[in-house]
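Colleague: Before I rely on any description of this model, I would like to hear how each term is justified.

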Amino acid sequence: MTALLRYQAALLVRSQRWLPPFLLYVVFLGIGVQGGQPILDSLGYTAAALLPVTAWLVRICVTNEPPAARSCVSAAVGPGRAHLAALLVALGTAVALGVVATVVVTLISNPASADLQTRVPRLPAGAAGLLAVLACALLGTAVGALTTWPLLRSTGRAIPAMLLAALLSVVVTGSPAQAAVSGLVTGSNSGRVPMPVLPLAAAALLTAAAIAVACALTSRRSP
Amino acid sequence: MQRDLRLDNVGRRYGLRGPWVLRGIHLTVPPGTLIRIEGPNGTGKSTLLRLLARIDAPSEGRVSGAPRTAYVPERFPTALPFTALGYLTHLGTVHGLSRPAATRAALEWLDRFGAAPYARTPMAQLSKGSSQKVAVVQALLAEPELLVLDEAWTGLDSDARAELERAVAERTAGGTAVVFVDHDPRRLAGVPDATYTVRDSGLDLRTEQPPEEAAGPRVTVVAQGPSGGQLPGDAQRAVVAAEEPAPGTHRLTVPASHSDILLRALLTARPPWHVVSVRQEPAGPDTESRR
């Protein structure tokens, strides 16, 4: 599995297709986060913006390998594992991106509540931000995995489906990502740091199920 | 672990209500066998190979056995952001080799196929034939237990085609099962243990002898062995014709792809045989009449 992950990671890095989603995330953050803003609000935004970026990264990792090359790898390790490696590399990249962004945002933000009346300690706030980022990266992986090959093959259907699903996962009540992000925002209003452990666990379960479905279908759909 | 690959009543169709591409397929692939699959275009040969390589799952029936498998697709893409050697090293490690071993094996095999000069060329700049060599090397470098070749010879130059035939002979002698599709009837002619034809989404075992003109190039080896000696096992399997003009002297004919196998078997036998001469016979129907 290590060799497989290394291969997929090299494929992503060398293809340079990671650059557009990376830039999109930088632009998202550039617009939404400025130094000296309330810390929990900014961390919530950082996490929410990561979800569509992750879904895009998943799409890139899954479609990066030409079908014939994927067949060679699938014959060696099984199609499910080959697909799993692509999904995990996308997830890992998104988590790395989110962690770096969270650290930066934690350092440049104002450690205060939204009304600037209550002090919010940086360290617990950063930790809460990390949990929210993880939840969003996981859910973004689920969205990406369910809206690309092998579930949706035509690009014309897959991309609108991915965008819609990513949007809904951020805004619809009941989504773990929405719960994690809104937890940070309400925390910012009250000045109390929430720990979005429950949303993270829910996101992990949902994503594991989505990944399992996607990997199980790889050998049943045509390339 | 069970190394025999078995298809039991296997069927495959694309989509939930698509037409059956293959149905009712029974096939066992024991280690060390060479199997040829024939059939016109679009009859499901590639689908069968994908089932055998376990890239696709059957829509019905069961595939059992888990040999370490390598697969060569009929057309290999160059749209990979690696050099030939970089890609092969990655694939070698995916096949289970260590990084240094993968690099070493990749260089060795690239050299055998005359592609060593391209080892550090980006895949995107390779010609179609050279990228096909990369696809072939990818499959051979980790010595798989099952080798699935989907028109792997297409696009290779004649030296590389002969080398691939020799590599297949070597692998089968080493215990690898090989299943291949190729449109040239002279490809490994006379060598496969079984030839199947895909017809009407089913699989027929071909029983009639192939026509004589389908014979490929042959090599005749004259060797002296222990008087009344039996041929070594590997040699016995490779030889297509054997005669004993004088006691202890044997004239053995093998497909050109198997000459190395025969010589190795003779020279490493206990006690070893003495090789007197090795001669290449031209391909074609006149081979028989000249003798």
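The exchange below takes up chain B as a whole and then one of its residues.

Modeller: Please keep in mind throughout that this is a predicted model.

Colleague: What does the secondary structure of chain B come to, and what makes chain B as compact as a globular protein of that length?

Modeller: The secondary structure of chain B comprises eight helices and 13 strands. The radius of gyration of chain B is 20 Å, and the globule rule gives 19 Å for 291 residues; because the two values are close, chain B counts as being as compact as a globular protein of that length. Along the principal axes, the C-alpha atoms of chain B occupy a box of roughly 65 × 45 × 40 Å.

Colleague: What share of the contacts in chain B with a separation of 6 or more joins residues 24 or more positions apart?

Modeller: Such residue pairs account for 72% of those contacts in chain B, while buried residues make up 53% of the 291 residues in the chain. Chain B exposes about 13000 Å², of which carbon and sulfur atoms supply 49%.

Colleague: Why is B:Glu163 called buried?

Modeller: The relative accessible area of B:Glu163 is 10%, and a residue is called buried when this value is under 20%, so B:Glu163 is buried.

Colleague: Where is B:Glu163 found, and which residues does B:Glu163 touch, not counting residues up to four places away in sequence?

Modeller: B:Glu163 belongs to helix H5 of chain B, which spans residues 158–173, and with those sequence neighbours left out, B:Glu163 touches B:Arg112 and B:Phe113.

Methods
Residues are numbered from 1 along each chain as its sequence is written. Chains are lettered from A and ligands numbered from 1 in the order in which they are written. This is a predicted model: local features need pLDDT of at least 70, side-chain atom pairs count only at pLDDT 80 or more; totals for chains, interfaces and linings use all residues. Side-chain values use heavy atoms; hydrogens and water are left out. Helices (H or I, at least four residues) and strands (E, at least two) are DSSP runs, numbered from the N terminus. Buried means under 20% relative accessible area, exposed over 50%, partly exposed in between (1.4 Å probe, protein chains only). Contact means heavy atoms within 4.5 Å. The radius of gyration is taken over C-alpha atoms; the globule rule is 2.2 Å times the number of residues to the power 0.38. Accessible areas come from the Shrake-Rupley method with a 1.4 Å probe; for residues, only the protein chains shown count as cover.
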